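Work through the exercises below with the structure open beside you. Try each task before reading its solution.

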Amino acid sequence: MSEYKSVKEIEKDPKKNESKKIEDQGILKGLEQLTPEKIEIVINQVINDETGARLKVYVDTCVHCGMCSKGCHFFLSLNDPKFSPAGKVKQTLWEILRKKGKVSTEFIKDAATVAYTQCNLCKRCAMYCPFGLDVAYVMSVMRRICHKLGVVPLYIQDTAHSHSATMNQMWVKDDEWIDTLMWQEEEAQEAIENLRIPLDKEGADIFYSVIGPEPKFRAQLIFQAAVIMNAAHENWTMPSMPGWDNSDMCMFTGDYEMMERLKRRHFESALNLRAKRIVMGECGHAFRSVYDVGNRALAWKMPPIEVVHAIEYYNELFEQKKIKIKKKFDRPVTLHDPCNISRGRGLHEMARNIVKATCAEFIEMTPNREHNYCCSAGGGVINCGPPFKNARVESGKAKAKQLFAAKAKGAEVVIAPCHNCHGGLEDIIHHYGVDMELKFFGDIIYEILELPEL
Amino acid sequence: MSNYDKWDWDTSKKKVADLSAWKEKFPYIEELRVSHDGEKIAAIVKNEDMEFTVCIQSEGNDPETWENSYDKAWNLQFTPDDRLAALVSDAGEWKVSTDDETWENGYDFIWNMKFNSNGNIAVSAQKELLYSVVNNDTPWENEFSRLTDMVISPDGEKTAAVVESVPVLESEIFKFRQGCYSIAVNGETWDKNFMNIWNPCFSDDSNHIAVSVRTSYYDYYIAIDGETWDKSFSSVWEPRFSPSIYSVTAPVKRGGKWYLAKDGEIFWDRPYFQLWQQFYSPDGTKIAAIVAPEFGKWTMALDNNPWEIRFSEYLSDPLFSPDGNGVACLFKDKGKWGVAVDGKAWDCLFDMVWQPVFSNNGSHLAVKFKKDGFYHIALNGNIIDEKYDDLANPIFSPDNSSILVRGLQGSSYNRKVIKI
């Protein structure tokens, strides 16, 4: 049941975030296998062999001014210094460096909790730091240490295991993937006769890739994408074999070897089919992995094939007039800017172009664009699962206020072009009783799309 | 490619099919497939009952469909011996069909159709949520809860795949870490289980299998026939067998850099930012690999000597000439594709390019490429012949004097033999 009815009620809430005991079996059982010696060896291996000037500069430059605090939605939501970015570094890497890796299992337990569940790696704080220090990187180093120690929250570790065994994050078996595509193709033929989801077509202009949850839980998004691609008369394809999932929880657990394996498979899957470019569905973290982190881990400066997020693609469809709409979506909408594609890639103006092309009434959320608050789900935090859900939703209080404010101006629908944002916002909307509807751009475009004549 | 030397290498041009007749007849036509010898063209189509079938045409004949039609058909391919194979479903039961003859055994789903060079056909199969491999209509005796990465041996007698040998539920992360995966060869698993297995690869004599494995989050090995190398690495890529002796190489990562290891020891001692797709000369005496000697700069290394030339984006499809004296690959640089041979790039650049093909004597190299919306053939860096709307990869004649061009111009599919 919701607890709040408005921004005022949230602000009046006397409850402070109380540190609750978090019992996560991935962390607790992982700790049982540690010794002080192993902790010290792993920490020093990561610090000495895998970090360098970047970590040293960040740690040495920070003057502990606390300016980063107002950049963090955890701090803004919970008003507790320990949730400030600098506070999180203090609870993790500063202590580790000060003690040269001689820290206890209890310390690792708390540090893992901070790094995996109290920082969304959203990089907003870097914009508020006078030196531009990137606390997300420091938290990633902490996660890398925890991965190598085998102390990772159970749910996200399971997802990383799925990636390693299946090359997708949802344990989707090879046949289930193909069967889902064929099923969605059949469904979409109700809208467009003889519509195809062409499998393994060589030389296509577009290799369309999605994240694991789409075939598992949100297959209608594949259906919608197929209808849009067909309406735009695209020469496109999807692969029948692993390599189709562009997502990457290994990037967030700190399993960089697996991240490399995933990204290589994804790129090669598209390149072996001689596709001109990869168009990705509406996912933020996957874009970060494909466009920024994973490709560079493999020694590419940029992706070896052009990578286009759904926002760029939809914007192009409207700019080039490749699709037509019957009428504009007539309910007032607001827009959530996902961190990885706004701060990470600067797609926020394109997103507004799509809103203008598709929606009759647009109400801005404030702050917005690269200053927008994270949904509290990103960076793998939502993937840490139920043990951390309540704490995650508490940290979304700042977001709830934003939503209430947009709602007060008339917004009924929140567009969030990112899967994790959807998960996070859904929980926030439900918990705080915001009562707004969530949609992807794909939902809106599909709803108003003028279908080609049969 | 069977009977390769008996193909028609004399007729300069044959008009095999006019596809306008297909378009009038069928409301739905999928991608065209051309036989290796170029004499036939085929596609999955829907018939007047809107059922899936296959249409095929050869020179002098009208287009013909298979007698059988299906609820669904996909993955149509010509086998290396130029039979036509597809995966077909009737009333929810999936089978392989070759030249309109379906296999006896049916499954709830089949996929990942693979051939050996003689045309043996293997598929991964699922029945009642259990997984196996079917080789020429003979299924493995054992089934597994999960199966990926199926491969067929060069002699076609064996199939192998990564299988879940110890059933593990989602969320059993500590059980997973103990090792729940193995390799099954013709359905029989190795004695050992690993945390993960990837990249199964048969030796040329079909008697051995090498794989990449990890036994913990930070111990990666190469394993051969179930036994790991003595040393672990922080990561590894795909292993490859030497074609001439019992020996395996694999890219391995140590201290953040990549090396080529041979039989467990570092073999190429030069550190690379990346190294993969190592491959042997036909006699096994030389090894080449795609490497990044600098971050973001790619080239080919031959016996650990990188070419001087660097490319910014990508290298692929590397191969030795049949005589082992030449090495070629495709590259992508500043958004354009090209071909590099023995350290030199061809002058011409393309929008897209397909696998390069050496002539049998190694003196010519040809590629299919796409530029400005049309397909062409380039031979030794020069564009030959006309432009096409679609094109299959070129094939050299056995005597190296001609190239077989299989291309679509408008609605006309032609088979051409072009003298070099």
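**Exercise 1. A helix with two sides**

Task: Find out what the buried residues of α19(A) pack against, and decide how these buried residues are placed around the helix axis.

Solution. Keep in mind that this is a predicted model.

Step 1. The buried residues of α19(A) pack against four elements of chain A: α17 (310-319), β5 (333-335), α18 (339-342) and α23 (441-448).

Step 2. List the buried residues of helix α19, which runs over residues 348-358 of chain A: H348(A), M350(A), A351(A), I354(A) and T358(A). A residue counts as buried if 20 or more other C-beta atoms lie within 10 Å of its own.

Step 3. These residues cover an arc of only 160° around the axis, so they are on the same side of α19(A).

Step 4. Look at the face turned away from the buried side. There α19(A) carries the exposed residues E349(A) and K356(A).

**Exercise 2. Backbone angles in loops**

Task: Describe the peptide bond from T366(A) to P367(A), then examine the phi angles of H64(A) and N304(B).

Solution.

Step 1. The bond from T366(A) to P367(A) is cis, and its omega is near -10°. P367(A) sits in the loop between α19 and α20 (389-394) of chain A.

Step 2. H64(A) is not a glycine, yet its phi is positive, at about 60°. This residue belongs to the loop between α4 (53-61) and α5 (73-78) of chain A.

Step 3. Is H64(A) buried or exposed? A residue is exposed if 12 or fewer other C-beta atoms lie within 10 Å of its own. H64(A) has 11 C-beta neighbours inside 10 Å, so it counts as exposed.

Step 4. N304(B) is also a residue other than glycine with a positive phi, here near 70°. Its place is the loop between β29 (297-302) and β30 (305-306) of chain B. Because 17 other C-beta atoms lie within 10 Å, N304(B) is partly exposed.

**Exercise 3. The build of chain B**

Task: Decide how compact chain B is for its length, and describe its content and extent.

Solution.

Step 1. Chain B contains two helices and 43 strands.

Step 2. The radius of gyration of chain B is 23 Å, and the globule rule gives 22 Å for 420 residues; these values are close, so chain B is as compact as a globular protein of that length.

Step 3. The C-alpha trace of chain B spans about 60 × 55 × 35 Å along its principal axes.

Step 4. Buried residues make up 45% of the 420 residues of chain B. Of the contacts in chain B with a separation of 6 or more, 37% join residues 24 or more positions apart.

**Exercise 4. Domains**

Task: State how the domains of each chain are assigned, and describe a contact between two domains in each chain.

Solution.

Step 1. In chain A the assignment gives domain 1 (25-152), domain 2 (167-319) and domain 3 (333-448). The C-alpha centres of domain 1 and domain 2 of chain A are 32 Å apart.

Step 2. In chain A, six residues of domain 1 are in contact with four residues of domain 2. The domain 1 side of this contact has two nonpolar, two polar and two charged residues.

Step 3. Chain B is divided into domain 1 (1-102) and domain 2 (341-420). Their C-alpha centres lie 23 Å apart.

Step 4. In chain B, 18 residues from domain 1 and 15 residues from domain 2 form the contact. Strand β1 (residues 13-18) of chain B gives the most to the domain 1 side, with six residues. That side has eight nonpolar, four polar and six charged residues.

**Exercise 5. Between the chains, and the core**

Task: Which element of chain A supplies the largest share of the side that touches chain B, and which residues have the most contacts inside the largest nonpolar core?

Solution.

Step 1. The contact joins 37 residues of chain A to 37 residues of chain B.

Step 2. Among the helices of chain A that each supply at least two residues to this side are α2 (25-32), α9 (135-149) and α10 (154-166). The largest share comes from α10(A), with seven residues.

Step 3. By class, the chain A side has 12 nonpolar, 10 polar and 15 charged residues.

Step 4. The largest nonpolar core has 278 residues, and A73(B) and L87(B) have the most contacts inside it. Helix α13 (residues 219-231) of chain A gives the largest share of this core, nine residues.

Step 5. Leaving aside neighbours within four places in sequence, the contacts of L87(B) include A73(B), W74(B), W94(B) and I110(B).

How values were computed: Residues are numbered from 1 along each chain as its sequence is written. Chains are lettered from A and ligands numbered from 1 in the order in which they are written. This is a predicted model: local features need pLDDT of at least 70, side-chain atom pairs count only at pLDDT 80 or more; totals for chains, interfaces and linings use all residues. The radius of gyration is taken over C-alpha atoms; the globule rule is 2.2 Å times the number of residues to the power 0.38. Two residues are in contact if their C-beta atoms, placed from the backbone, lie within 7 Å. Domain bounds come from an automatic or database domain assignment. Ala, Val, Leu, Ile, Met, Phe, Trp, Tyr, Cys and Pro count as nonpolar, Asp, Glu, Lys and Arg as charged, and the others, Gly among them, as polar. A nonpolar core is a set of buried Ala, Val, Leu, Ile, Met, Phe, Trp, Tyr and Cys residues joined through C-beta atoms within 7 Å. The arc is that of the directions from the helix axis to the C-beta atoms.
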